[in-house]
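Welcome, and thanks for opening the viewer. Let's take a short walk together, one selection at a time.

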Amino acid sequence: MKRDDTLSARIMRILVPVAAGILFLLLWEAFVTIREIPRFVLPAPSVIFESLVQNFGSLMGSLWVTLRVTIAAFLLAVVGGVGLAILFSQSRHVEMALFPYAIVLQVTPVVSIAPLILIWVGYDNVEFALLILAWIVAFFPILSNTTLGLRSADHNLRDLFRLYGASRWQVLTELQLPSALPYMLAGLKISGGLALIGAVVAEFVAGSGSGNGLAWRIVEAGNRLDIPRMFAALFLLSALGIAIFFGLSLLENRLLRRWHESAVRRES
Amino acid sequence: MSAAGAADAPSLIELSGIGKTYANGTVALTGVDASIRQGGFVSLVGPSGCGKSTLLRIIAGLIAEDHGKLGWPATGARPADIGFVFQDATLMPWASVADNVYLPLKLKGLGRVEAGPRIEAALKRVGLSDFAAAFPRELSGGMKMRVSIARALVTEPPVLLMDEPFAALDEFTREKLDGDLLALWQAQGFTTIFVTHSIYESVFLSERVLVMGARPGRMLAEIEIGEPYPRGRAFRESPRYVEICARVSAALREGAAI
Ligand SMILES: Nc1ncnc2c1ncn2[C@@H]1O[C@H](COP(=O)(O)OP(=O)(O)O)[C@@H](O)[C@H]1O
Ligand SMILES: [Mg+2]
């Protein structure tokens, strides 16, 4: 009984949004067809799909470039953010010295740093510049969330560790890092999306002919008024963003489901 | 098994003129004297803010006293193992019951396999053998507290310090745990200092009740209970019990009036 309940509930959770999406596409298709709206203003879903199939090779190539930059930036952000947060937790002085600069990096709009980074890295190495820019955007939420998480360990548990003569290393690995995990994962979810945004925005700034990621496909299609292809590239970007979000949510759920409130499924 | 016969042995814990002022100027304790025999069961009662937790933390070595002297006449030094139980069970939510109980042994460098039998024994003592693989959030408040006690006792410490351990539990669970704690104490013989703000609980459990007052935190009175163990329902319902509770209550009121 209970199992069926949750199973059907789970199917509904997938089915309802999918049905809503299909309905939306049908209405879109009907609207465009009936009103005879030109395809360079608003292409019908069927036309977009056609364009997707036609340009499959080049779009997939661009998708791969954007994906590559996003994932690399994200992984480096995890390493840098968590690493720096651990360093901060070990030394208040290091935190005091560096945290303000991490904030400076965060509050300065990435668009405004992009030209500088591009010049420094050189236009023959745009992908590396994109990586740096995406990393700058993605890195801060992981740093700040993990820093907060490492500090959030229960103070009675801290006392208990002290009572049993735990070493710094033991406090870090057995107490602080597990306490920080939910915070860290929340940071990862934000950063996953930001890494993609960073990669795309940076490519827009890099400008014509330099990149060959999805952002460049959009610019290119726009210049040629090939709106169906623009939509096809947009669709791939959204799909990528959704995939990243779901992947990280799944990871979060896997790691927290046995113990953390946020991941525990309650009855009723 | 009682206080009788141990009167001439050197005490385990000797507090003389203990004082503690926190960095912000709060005088948490002044001139606290007390002596606790090895294997004894002493309760600390007093209004909140009278320095009970501070005293417990000083005895545990978590903070240092800044006046007076804390001595360990029977052993010469603070025992390497001290069990500590907090008001909330203070379990690691990410670890199973068994892994929570394993913690003190793990921090001391004992391998999981070696520690296995000791973890099992500790869980058995508190009646949670069947819950080794459960996670804290799957347990009731009383069961969590049992895990906390099992963790404190897994190293078989000579001293068990408890800071209002059952205060957040319902009356029924609390009485059950009171009884179980006494049985453990009688079987294992660890010295217990039990902080509570329940007069009834302090009288039921301990050989001696230390009554404390606030502002500044100080010792007001010591009341011997003198009732043999094991204690049970009969003691809780006896006129003697009511009379001793009234005496503790009067001592507390006297302190508040000053
Ligand atoms: N870390 C601290 N810093 C400053 N003041 C404290 C600290 N811990 C406790 N106090 C103060 O010391 C007094 C005694 O506190 P505590 O020992 O916790 O009392 P109790 O456990 O009896 O309620 C209280 O006034 C409390 O506010
Ligand atoms: Mg207290």
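Before we start, one term: two strands count as paired if DSSP finds at least two bridges between them. With that in mind, note that this is a predicted model, and begin with chain B.

**Stop 1: the sheet.** Select strands E2, E1 and E4 of chain B, which form an open sheet in that order with antiparallel pairing. At the edges are strand E2 (27–36) and strand E4 (67–71) of chain B, each pairing on one side only. Ignoring direction, neighbouring strands here are turned by 15° against each other on average.

**Stop 2: E1 and E2.** Now show E1(B) and E2(B) alone. How many bridges join E1(B) to E2(B)? There are six, and these two strands run antiparallel. For one example, pick B:Lys20 and look across to B:Leu29 in E2(B), which stands opposite. Then follow the chain through the turn: E1(B) and E2(B) make a hairpin with five residues between them. In that turn, click on B:Gly25, whose phi is positive at about 100°.

**Stop 3: E1 and E4.** Keep strand E1 (residues 13–21) of chain B and add E4(B); four bridges join this antiparallel pair. Select B:Leu15 to find its bridge partner in E4(B), B:Leu70. Also select B:Glu14, which has B:Gly71 of E4(B) opposite. As background, strands of a sheet pair through backbone hydrogen bonds, either parallel or antiparallel.

**Stop 4: the helix on the sheet.** Bring in helix H1 (residues 52–60) of chain B, which packs on the sheet and touches E1, E2 and E4 of chain B. The direction of H1 makes about 120° with that of E1(B).

**Stop 5: where the chains meet.** Show chain A as well. Here 20 residues of chain A are in contact with 25 residues of chain B. The area buried between chain A and chain B is about 2,200 Å², and carbon and sulfur atoms give 61% of that.

Which side chains should you zoom in on for a salt bridge? Choose A:Glu174 and B:Lys106, which meet at 2.9 Å, N to O. The count of salt bridges between chain A and chain B is three. Across this interface there are also six residue pairs in polar contact, both residues at pLDDT 80 or more.

Finally, color helix H7 (155–163) and helix H8 (168–206) of chain A: each supplies at least two residues of the side that touches chain B. H7(A) gives the largest share of that side, seven residues. By type, the residues on this side of chain A divide into 10 nonpolar, three polar and seven charged.

Methods: Residues are numbered from 1 along each chain as its sequence is written. Chains are lettered from A and ligands numbered from 1 in the order in which they are written. This is a predicted model: local features need pLDDT of at least 70, side-chain atom pairs count only at pLDDT 80 or more; totals for chains, interfaces and linings use all residues. Side-chain values use heavy atoms; hydrogens and water are left out. Axes are lines fitted to C-alpha atoms, for helices over the stretch in contact, and angles run from 0 to 180 degrees between N-to-C directions. Contact means heavy atoms within 4.5 Å. Buried area is the accessible area (1.4 Å probe) that two parts lose on being put together, summed over both. A salt bridge is a side-chain nitrogen of Lys or Arg within 4 Å of a carboxyl oxygen of Asp or Glu. A polar contact is a pair of N or O atoms within 3.5 Å; within protein, one must be able to donate a hydrogen and the other to accept it, and residues adjacent in sequence count only if both atoms are side-chain atoms. Ala, Val, Leu, Ile, Met, Phe, Trp, Tyr, Cys and Pro count as nonpolar, Asp, Glu, Lys and Arg as charged, and the others, Gly among them, as polar.
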